[in-house]
Amino acid sequence: MPIKLLKGKKGIIFGALDEKSIAWKTALKCHEAGASLVLTNAPVALRMGEINKLSELCGNAPVIGADVTHLDDLKNLLQESMNHFGGKIDFILHSVGMSMNVRKGHHYTEISYIHNHKTLDISALSLHKVLHTAWSMDAISEWGSVVALTYIAAQRVFPDYNEMADAKALLESVARNFGYHYGVRNKVRVNTVSQSPTRTTAGSGVKGFDGFLTYAEQMSPLGNATADDCANYCVTLFSDLTRYVTMQNLFHDGGFSFTGVTQGVIDKM
Ligand SMILES: NC(=O)c1ccc[n+]([C@@H]2O[C@H](COP(=O)([O-])OP(=O)(O)OC[C@H]3O[C@@H](n4cnc5c(N)ncnc54)[C@H](O)[C@@H]3O)[C@@H](O)[C@H]2O)c1
């Protein structure tokens, strides 16, 4: 019997594309933990239809389309969610990322700036847009919790992570800065979770992903953290057991971020 850490809480989950998605796993764990959910993704992603399976698994959670870069979509999403819940929202998972330059195979030194703007808008500024919309509508309850997913390329160079490294650095900065203001006004906390490489649609799009994954596995004392474990961690951050954690970038990576080298890697040299 799962612990009902989120009993009575209401949350919005962005970014469940298919069953590999970190957001998919998080929605399932939040549902198991007793939360009521609204699921959302870009209209183009909803056309795949996969999310309807997730909705069924989550007690027929409503699915509301929203392009995370469009303020009108976000306003509609938050209003419809509050209508559905009959009140404010307790937690939000931002599990959204997309790089046009990675998709097009452009090297970091030769990126298209038109694509770069889109990448930064979808992958980083969107967190500001979600928070700004919620702030303007006063849509998040006191002690509510917002979590966005990030990667350690925000702090260290992983050459093939390309422009997403800049997007993640901006995302983490938005979490810190909005976290300050939202904390002061409504005691809402905002954090980023820096996850191990994980085999998902977005993850696998990065050039050399298999090498990335194997290297991280070798460099992490506990091994790579799975998407299921990431989902569990998010549940704790949405719960009342972590009320004073805010404005943090929290590494969920099996110890990778603080390891200089491991015997496993030395043995391979
Ligand atoms: N997979 C990894 O290795 C890894 C590691 C660390 C962090 N992350 C981060 O985790 C998050 C989730 O990614 P994932 O790995 O589960 O992959 P995923 O491909 O399953 O999820 C990415 C989601 O972003 C959504 N999205 C893209 N553009 C959008 C838009 N305009 N509006 C609304 N939604 C949009 C997609 O539809 C998709 O559901 C991302 O922020 C990613 O950078 C992933």
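What pLDDT does the protein average, and what share of the residues score at least 70?

1. **Confidence.** This is a predicted model. The protein averages a pLDDT of 96. A score of at least 70 is reached by 99% of the residues. Confidence is lowest in helix 8, with a mean of 85. It is highest in strand 5, at 99.

2. **Fold content and overall form.** The protein has 11 helices and 6 strands. Its radius of gyration is 18 Å, close to the 18 Å that the globule rule gives for 269 residues, so the protein is as compact as a globular protein of that length. Along the principal axes, the C-alpha atoms fill a box of roughly 60 × 45 × 40 Å.

3. **Packing.** Of the 269 residues, 45% are buried. Now take the contacts with a separation of 6 or more. Residues 24 or more positions apart account for 75% of them.

4. **Ligand shell: who is there.** The ligand is surrounded by 26 residues. The closest are Ser21, Gly97, Thr200, Ala202 and Gly203. By class, the shell holds 13 nonpolar, 12 polar and 1 charged residues.

5. **Ligand shell: which elements supply it.** Helix 1 (22–32), strand 4 and helix 8 (201–204) each give at least two residues to the shell. Helix 8 supplies the largest share, 3 residues. Read this alongside the confidence values: helix 8 is also where confidence is lowest, at a mean of 85.

6. **Trp143.** This residue is not a glycine, yet its phi is positive, near 65°. Trp143 is found in strand 4, which covers residues 140–150. Strand 4 is also one of the elements that supply at least two residues of the ligand shell. Is Trp143 buried or partly exposed? Trp143 has 14 other C-beta atoms within 10 Å. Buried requires 20 or more and exposed 12 or fewer, so a count in between means partly exposed. Trp143 is therefore partly exposed.

7. **Lys187.** Here is another non-glycine residue with a positive phi, of about 60°. Lys187 is found in the loop between helix 7 (164–186) and strand 5 (189–195). Strand 5, which follows that loop, is where confidence is highest, at 99. Why is Lys187 classed as partly exposed? It has 15 other C-beta atoms within 10 Å, and the partly exposed class lies between the limits of 12 or fewer and 20 or more.

Conventions:
Residues numbered from 1 in each chain as written. Predicted model: local features only at pLDDT ≥ 70, side-chain atom pairs only at ≥ 80, totals over all residues. Helix = DSSP H or I, 4+ residues; strand = E, 2+ residues; numbered from the N terminus. Rg over C-alpha atoms; globule rule 2.2 N^0.38 Å. Contact = placed C-beta atoms within 7 Å. Near = placed C-beta within 6 Å. Nonpolar A, V, L, I, M, F, W, Y, C, P; charged D, E, K, R; others polar. pLDDT = per-residue confidence, 0-100.
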